[in-house]
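Reader: I am in my first year and would like a close look at how the domains of this chain sit together. Could you take me through that part slowly?

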Amino acid sequence: MRLSIERKPIRVNPDPKRVIARFFFNGNDRAKEVIERVMLISEDDAFGIVSPILQEYSKRHRNITRVLNRHCSKLKPLFLELNIDFDTLTVYRKLLIGSYFTHEYSIESAAFFNPSIVEDPDQTELEDGQRRVIISFRAVGEGHISSITFRRAWIDKNNNISIQPAGSYIDEAEIVRNAVYNKKLFFEKAAITQINIDVISELESKLDHHFEYANLRRIIMDSQKLQEDDMKRLEYDKVLWLADSYYEIVFSLDTDISDRVIFPISEYERKGIEDARFVQFTNDDGSKLYYATYTAYDGSLIMPKLLQTSDFYNFKIMPLYGAGAQNKNLALFPRKVNGKYVMISRIDGCNNYIMYSDKINIWEKPVMLQQPKFSWEFVQIGNCGSPIETPDGWIMITHGVGPMRRYVLGVSLLKLDDPTVEIGRLKEPLLIPNSDEREGYVPNVLYSCGAIVHNNKLIIPYGVSDSSTAFAEVCLDELLNKLKAEG
């Protein structure tokens, strides 16, 4: 008999009105044509065209002039080719040019799903039994491009959930590239991404054991100038794309959490940032950080990546390395176990693996933890976020794929001091799509990227057929008793 589970009377739906102003570029030749046309306009006409644009779009974006100026500045190399002195352009002409290279992108227009939930760093001014949380979502817009967005919510003493309304403006972060790269690890990743081995060998020979982005870029630019083969030049670009996968992003302090969107930045994630699994991690000294594992996708290649933050304003992002950092579905345990970091993965797309590491970004020697066991998970089993610690063991929510490619949620219990040992696994799904949850962007799919325990209840936010997000809860004691009984 299945456990009793309560679905919450709350649903978070996508909002197509939430837009960001992104750089729009159709290639060098067309861009130069547009620039030349705008340069023929008189100063008065330029002011007359751009002035109503600024008035209209200032209502939709926090600082539209900053955006347009930034997009105009991206075109400096083309101005140089056209023999136009960029610095002599008037303010309004720069803004007008920037407007032709800007488009609005609705980040949630297609779907809004696959949530994870963590405790908010700010727990001030709450009553007993209340908790403030941050929920991350996978938002999908035009072209099926995924990004990470956030909402803040409160859980009261009765476990009622209130979602804070989203802000009116959405901001992308400022990008900071100040990484120092380990040559050995960097070029191991380059080999995995199938970059030309001759290009890899050449660049390795020219770089120190540790190198910076600017130095790598300079060497690549010099090498490309000597290369006549367009395909070979592309291989050098791929190395730079890989280097672009390491970066920091910084959001303005005047943004609400719902205003912040982590949009694909590097070429290796240009088709999406998928299924971030956030976890509040406790260090050995008791301090806390937030990590998230996610999947970067370029249209053909999958690259697991790690995101780190302490405040949800500043984020560090890097790829993950090793034989265990393959495919999708990586989830980090919320603390070290026996002195080592621990990660769940699904390197073969079918089974759950577990692995240990001394370094949080290097994962080797994955060990099989779970295979599909019951009919509702015969196609594949995977995790639904970081395991949750209880006195009886680690609760790990799983997803199982069965007949008709239906995704359901299951639960396993792992031994506390040795999570390679499965204490128990529910024989039946904990949560299956009901009649109101089967229709959507991808039908018959329930999926979560992280849950939380509050007031002795396990609260699970979950994506509903890849179209919206709902919430369910189950009594923790009843769940643990059931898991131990079915071990």
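Author: **Domains and the core they share**

In this predicted model, the C-alpha centres of domain 1 and domain 3 lie 33 Å apart. The domain assignment gives domain 1 as 5-14 + 107-174 + 246-486, with domain 2 covering 19-106 and domain 3 covering 180-244, and you may find it helpful to mark these ranges on the sequence before going on. Where domain 1 and domain 3 meet, 14 residues of domain 1 are in contact with 12 residues of domain 3.

The interior can be followed next, beginning with the largest nonpolar core, which has 46 residues and in which F150, F186, I262, F278 and F312 have the most contacts. Helix α9, made of residues 230-243, gives the most to this core, namely five residues, and the core draws at least three residues from each of domain 1 and domain 3. To see one member in its surroundings, look at F186, which, leaving out residues up to four places away in sequence, touches Y181, F211, L216, V239, L242, A243, Y246 and Y321. Apart from this, a second, separate core of 25 residues includes Y462, V464, L476 and L483.

Turning from filled to open space, the largest pocket has a volume of about 1800 Å³ and is lined by 42 residues, of which R22, F23, K74, I175 and I265 lie nearest its centre. Among the elements that each supply at least two residues of this lining are β2 (19-23), α3 (64-73), α8 (213-225) and β12 (261-262), while the lining residues as a group divide into 22 nonpolar, six polar and 14 charged.

Technical notes
Residues are numbered from 1 along each chain as its sequence is written. This is a predicted model: local features need pLDDT of at least 70, side-chain atom pairs count only at pLDDT 80 or more; totals for chains, interfaces and linings use all residues. Side-chain values use heavy atoms; hydrogens and water are left out. On a 1 Å grid over the protein atoms alone, a cavity is a set of points where a 1.4 Å probe fits but cannot get out, and a pocket is an open set with protein on both sides within 12 Å along at least five of seven lines; lining residues have an atom within 4 Å of a point. Grid points are joined across faces, edges and corners, and a volume is the space filled by probe spheres set on the points. Helices (H or I, at least four residues) and strands (E, at least two) are DSSP runs, numbered from the N terminus. Ala, Val, Leu, Ile, Met, Phe, Trp, Tyr, Cys and Pro count as nonpolar, Asp, Glu, Lys and Arg as charged, and the others, Gly among them, as polar. A nonpolar core is a set of buried Ala, Val, Leu, Ile, Met, Phe, Trp, Tyr and Cys residues joined through side-chain atoms within 4.5 Å. Buried means under 20% relative accessible area, exposed over 50%, partly exposed in between (1.4 Å probe, protein chains only). Domain bounds come from an automatic or database domain assignment. Contact means heavy atoms within 4.5 Å.
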